[in-house]
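Here is a short tour of one protein chain, written for someone who likes to check contacts and torsions directly. Please keep the viewer open as you read.

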Amino acid sequence: MPKILIIEDDNTFNNMLLHFLKRNDYTVVQTFTAKEAIEQLEFHSFDIILSDLRLPDQDGLSLLPILKERNIDTPFILMTAYADVKTAVKAMKMGAADYISKPFVPEEALLVLQKILSSGKKDFISRKKEKKEQPKSGFYWGNGIASIKLKKHIDLVAPTTLSVLITGENGTGKEVAAKTIHEKSNRCTGPFIAVDCGAIPKDIAGSEFFGHIKGSFTGAVNDKVGCFEAANGGTLFLDEIGNLSYENQVLLLRAIQERKIKKIGSNIEIDIDIRLLSATNENLKSAVENGSFREDLYHRLNEFSILIPSLRDRKEDLESFAYLFLEKAALQLEKDVTKISDEALQILFQYNWPGNLRELQNYIKRATLLSAENTIEASSLPEELTLSKYQENNFQFGLKDEAEKAAILNALSIAKGNKSRAAELLGVSRKTLYNKINQYKLT
């Protein structure tokens with residue numbers, strides 16, 4: 001059944017469209033703002049986008065350049081009660097497939113939809129038949145044992161209200177997994193707010209979490225909505241939760257327990273209704289044992305846990321990942337590169353991938369740019385992938401001290417002293433790398 005994305009802020013009209021299209025054998029996803037629509041398009045493919053002109057967060061026409069920028073070529077139909085010749089011409093010039101005037105005759109609307117579908121605009125429909133639907137974000141679930149287990153866990157927990165702790169190495173796709181849980185939940189029409197806890201300074205954490213009112217402290221020149229309030233009715237994703245200071249953990253715990261917040265400078269309590277997801281690449285259980293992470297907060301966050309497997313444990317899906325990233329890179333770079341040579345694939349399979357999917361995506365994009373022909377050859381891959389010494393090292397912490405020191409020094413050498421890059425190669429956070437460097441007194 002053709003799949004249609006509706007973008008309409010009028011709840012009554014949106015529901016009317018939903019029921020009308022379902023009766024006519026269309027699959028429909030409802031959104032009410034441009035932001036919600038963009039989030040849907042990031043994870044799902046559609047046959048047609050049906051958008052109102054006047055949306056609460058931005059003009060419907062302004063979506064067209066955003067879609068073009070993201071290489072989303074889904075046929076776009078504009079709906080407007082303000083339709084006139086100028087609006088229609090402008091929409092068509094910007095790339096819209098057609099437009100419909102509101103209020104419209106249902107039969108006429110169906111004719112417009114059928115015309116777009118039958119025309120196969122930009123061969124969109126035929127391409128969908130040739131390959132399975134995959135997320136626009138570049139995240140591919142895979143068919144290996146580890147990948148299937150991951151997907152089953154996400155499908156199992158997504159419809160529930162449980163708080164989920166997502167663990168895994170850097171670059172494995174923890175935020176993408178969190179977004180997928182949100183998209184598959186009953187809160188999918190609500191906001192998804194992601195916060196990098198490692199980037200929140202201790203002295204402004206209260207403002208970031210709960211917001212403040214104008215004049216409540218020096219520099220508070222305007223009212224601010226905190227992430228808890230912004231996520232109301234939806235999902236709050238706390239990334240790098242292990243990097244929160246102990247003081248900030250106390251603030252967070254109180255809000256989670258009481259489901260009420262107060263903005264800084266205000267005495268008014270605000271009820272919050274959120275689904276809480278969090279992620280870390282650190283061992284929170286060890287952090288609880290050594291006293292750097294609160295046990296009561298850990299149990300609040302970890303009602304259900306999901307481990308994102310490393311790319312090393314998903315080698316059977318590596319070729320599919322590589323081709324997915326190749327397709328994306330070729331579109332972004334406007335290059336006619338469609339293949340990866342057997343020799344290049346062999347090198348990819350031999351490599352240990354400490355940076356996981358993010359590292360693979362970066363290398364494929366670089367190789368796509370360097371490729372003169374339509375095939376990525378071994379010569380287009382960076383030397384890090386071909387250095388035998390680098391391939392033989394197992395960059396996983398938990399090794400004996402001397403091996404661990406050697407792994408750190410080797411990564412720093414390859415990264416030419418760039419600690420952020422070295423941490424990515426090792427598959428650990430910068431904080432962990434700095435601690436290890438200090439522990440071993442490395443320079």
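The report below goes through salt bridges, cysteines, one helix and some backbone angles in this predicted model.

## Salt bridges

Let's begin with charge pairs. Side chains of opposite charge can pair when their charged atoms come close. The count of salt bridges in this model comes to nine, and three of them are described here.

One of them stays within a single helix: the side chains of lysine 151 and aspartate 155 meet at 3.0 Å, N to O. Both residues belong to helix H7 (residues 145–157), where they are four residues apart, about one helical turn. An α-helix has 3.6 residues a turn, so residues three or four places apart point the same way. Lysine 151 is partly exposed, with a relative accessible area of 31%, and aspartate 155 is partly exposed too, at 32%.

## Pairs that link separate parts

Which parts of the chain does the pair of aspartate 273 and arginine 187 tie together? The salt bridge itself has an N to O distance of 2.6 Å. Aspartate 273 lies in the loop between strand S12 (269–271) and strand S13 (275–280), while arginine 187 lies in the loop between helix H8 (174–183) and strand S7 (192–196), so the pair ties together parts that are 86 residues apart in sequence. The two partners fall into separate accessibility classes: aspartate 273 is partly exposed, with a relative accessible area of 42%, whereas arginine 187 counts as buried at 18%.

Aspartate 271 and lysine 260 form another salt bridge, with an N to O distance of 2.6 Å. This pair links distant parts of the chain, eleven residues apart, with aspartate 271 in strand S12 and lysine 260 in strand S11 (residues 260–262). Lysine 260 counts as partly exposed, at 33% relative accessibility. Salt bridges that share partners also join Lys151, Asp155 and Lys184 into one network.

## Cysteines

How many disulfides does a search of the whole structure find? The result is zero. Cysteine 227 is in no disulfide, because the nearest cysteine sulfur, that of cysteine 197, is 7.8 Å away and a disulfide needs the two sulfur atoms within 2.5 Å. Cysteine 227 counts as buried, at 8% relative accessibility, whereas cysteine 188 is partly exposed, with a relative accessible area of 25%.

## Helix H14

Helix H14 (residues 318–333) has 16 residues, and its first and last C-alpha atoms are 22 Å apart, close to the 22 Å expected at 1.5 Å a residue. The buried residues in H14 include Leu318, Phe321, Leu324, Phe325 and Ala329. Among the elements that cover the buried residues of H14 are strand S15 (339–340), helix H15 (342–350), helix H16 (356–370) and strand S16 (375–376).

## Positive phi angles

Just after H14 comes glutamate 334, whose phi is positive, near 55°. Two further residues are worth a look in a Ramachandran plot. Glutamate 240 has a phi near 50°, a positive value in a residue other than glycine. Glutamate 240 sits in the loop between strand S10 (235–239) and helix H11 (246–258).

Lysine 441 also has a positive phi, near 55°, and is likewise a residue other than glycine. Lysine 441 is found in the segment after helix H21 (430–439). Is each of these residues buried or exposed? Glutamate 240 is buried, with a relative accessible area of 15%, while lysine 441 is exposed, at 71%.

Note on methods
Residues numbered from 1 in each chain as written. Predicted model: local features only at pLDDT ≥ 70, side-chain atom pairs only at ≥ 80, totals over all residues. Heavy atoms only, no water. Salt bridge = Lys/Arg side-chain N within 4 Å of Asp/Glu carboxyl O. Helix = DSSP H or I, 4+ residues; strand = E, 2+ residues; numbered from the N terminus. Buried < 20%, exposed > 50% of the residue type's maximum accessible area, 1.4 Å probe, protein only. Expected span 1.5 Å × (residues − 1). Contact = heavy atoms within 4.5 Å.
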